[in-house]
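Subject: Structure handover

Hello,

Here is the structure you were waiting for. Please open it alongside this note. My findings follow below.

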Amino acid sequence: MKTNKFPLLKSSRLILRKTTAIDIDQTYFLRSDAGVNKFIERSEESKTKSLADAASFIQKITQEYDQNKSISWSICMSESSEMIGSICLWNYSDDMKKAELGYSLHPSFQGKGIMSEALQMVVNCGFEYLNFKLIEAYTHCENINSKGLLLKNGFVLNVDKKDAEDPNNEVFDLVKQLR
Ligand SMILES: CC(C)(COP(=O)(O)OP(=O)(O)OC[C@H]1O[C@@H](n2cnc3c(N)ncnc32)[C@H](O)[C@@H]1OP(=O)(O)O)[C@@H](O)C(=O)NCCC(=O)NCCS
């Protein structure tokens with residue numbers, strides 16, 4: 001469901017807000033840093049190699065949000081507007097029941113439970129506000145931090161599903177619980 005107002009998400013530590021042109025430097029870092037991207041495969045044309053590429057990427061996700069094709073949040077500590085990470089729902093299925101989860105966090109902020117906190121808000125928004133029934137996450141089989149994050153937040157490895165584009169990826173599912 002496309003909503004008129006961008007969902008701003010808040011917890012005691014974090015604010016998740018819309019990604020805008022003020023996030024160009026941080027977007028460039030998050031999408032180009034070798035450590036952050038160690039387990040992330042991107043096609044040549046979707047790589048971010050410059051600040052101009054980062055600006056184009058922000059334009060693309062802004063357009064996708066307007067067209068109800070994806071939604072991306074900049075993760076900020078509540079006391080600062082500086083983006084420290086990114087989290088998104090994208091690749092919506094045609095029937096709008098399924099979305100894919102993506103995320104990355106600046107290394108200085110990893111290992112503090114920040115992505116778990118962000119993920120819980122995004123999953124809740126995805127199910128309760130955007131009305132998805134299933135959230136999928138594709139992650140490299142050796143990406144221990146990412147797999148740990150998914151498992152401790154209730155995602156389950158889908159042993160029957162393979163990523164046709166990348167055999168190193170595993171697929172994790174979180175199904176909306178009916179209450
Ligand atoms: C995957 C990634 C987002 C995980 O981020 P993270 O913030 O470190 O993840 P978490 O929120 O799960 O926090 C991890 C640790 O913080 C610790 N922690 C510290 N303080 C905490 C708190 N207040 N609450 C909860 N956990 C806390 C926990 O012990 C946890 O480790 P454990 O699960 O082994 O016990 C991060 O490693 C990353 O950005 N990687 C690069 C990008 C990437 O690979 N993206 C995935 C592509 S598919």
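Which residue in β8 is the bridge partner of I135? It is L174. Please keep in mind that this is a predicted model.

**Strand β8 and its neighbours**

That pair belongs to a longer match. Strand β6 (residues 134–140) runs antiparallel to β8, and seven bridges link them. Strand β7 (residues 156–157) also pairs with β8 in the antiparallel sense, through two bridges. There, L157 has F172 of β8 as its bridge partner.

β8 itself covers residues 169–175, and its side chains alternate. E170, F172 and L174 point to one face and are buried. N169, V171, D173 and V175 point to the other face and are not buried. In general, side chains in a regular strand alternate between the two faces of the sheet. Note that the buried face includes E170, as well as F172, the partner of L157, and L174, the partner of I135.

**The whole sheet**

Eight strands form an open sheet with mixed pairing. Their order is β1-β2-β3-β4-β5-β6-β8-β7. β1 (9–10) and β7 are the edge strands, and each pairs on one side only.

Now go to the β1 end. A hairpin of three residues joins β1 to β2. The two strands are antiparallel and share two bridges. K10 stands opposite I15 in β2.

On to the next pair. Strand β2 (residues 14–18) and strand β3 (residues 71–77) are antiparallel, with five bridges. L14 has M77 of β3 as its bridge partner. R17 has S74 of β3.

K18 is also in strand β2. Is K18 buried or exposed? Neither label fits: K18 is partly exposed, because 15 other C-beta atoms lie within 10 Å, and a buried residue needs 20 or more. The C-alpha atoms of K18 and Y138 are 23 Å apart, with the two positions 120 residues apart along the chain.

One helix goes with much of this sheet. α3 lies across β1, β2, β3, β4 (83–90), β5, β6 and β8. Its angle to β4 is about 30°.

**The ligand site**

Twenty residues surround the ligand; Q110, G113, M115, S116 and N145 come nearest. Three elements each supply at least two residues of this shell: β5 (98–105), α3 (114–128) and α4 (144–152). Which of the elements gives the most? α4 does, with five residues. By class, the shell has ten polar, eight nonpolar and two charged residues.

So α3 appears twice in this note: it lies across strands of the sheet, and it supplies residues to the ligand shell.

**The overall fold**

The protein has four helices and eight strands. From the N terminus, the elements run β-β-α-α-β-β-β-α-β-α-β-β. The radius of gyration is 15 Å, and the globule rule gives 16 Å for 179 residues, so the protein is as compact as a globular protein of that length.

The C-alpha trace spans about 40 × 35 × 35 Å along its principal axes. Buried residues make up 27% of the 179. Among contacts with a separation of 6 or more, 59% are between residues 24 or more positions apart.

Where to look first is up to you. I would open the ligand shell and β8 side by side.

Best wishes

Methods
Residues numbered from 1 in each chain as written. Predicted model: local features only at pLDDT ≥ 70, side-chain atom pairs only at ≥ 80, totals over all residues. Near = placed C-beta within 6 Å. Nonpolar A, V, L, I, M, F, W, Y, C, P; charged D, E, K, R; others polar. Buried ≥ 20, exposed ≤ 12 C-beta atoms within 10 Å, placed from the backbone. Pairing = 2+ DSSP bridges. Contact = placed C-beta atoms within 7 Å. Axes fitted to C-alpha atoms, helices over the stretch in contact; angles between N-to-C directions. Rg over C-alpha atoms; globule rule 2.2 N^0.38 Å.
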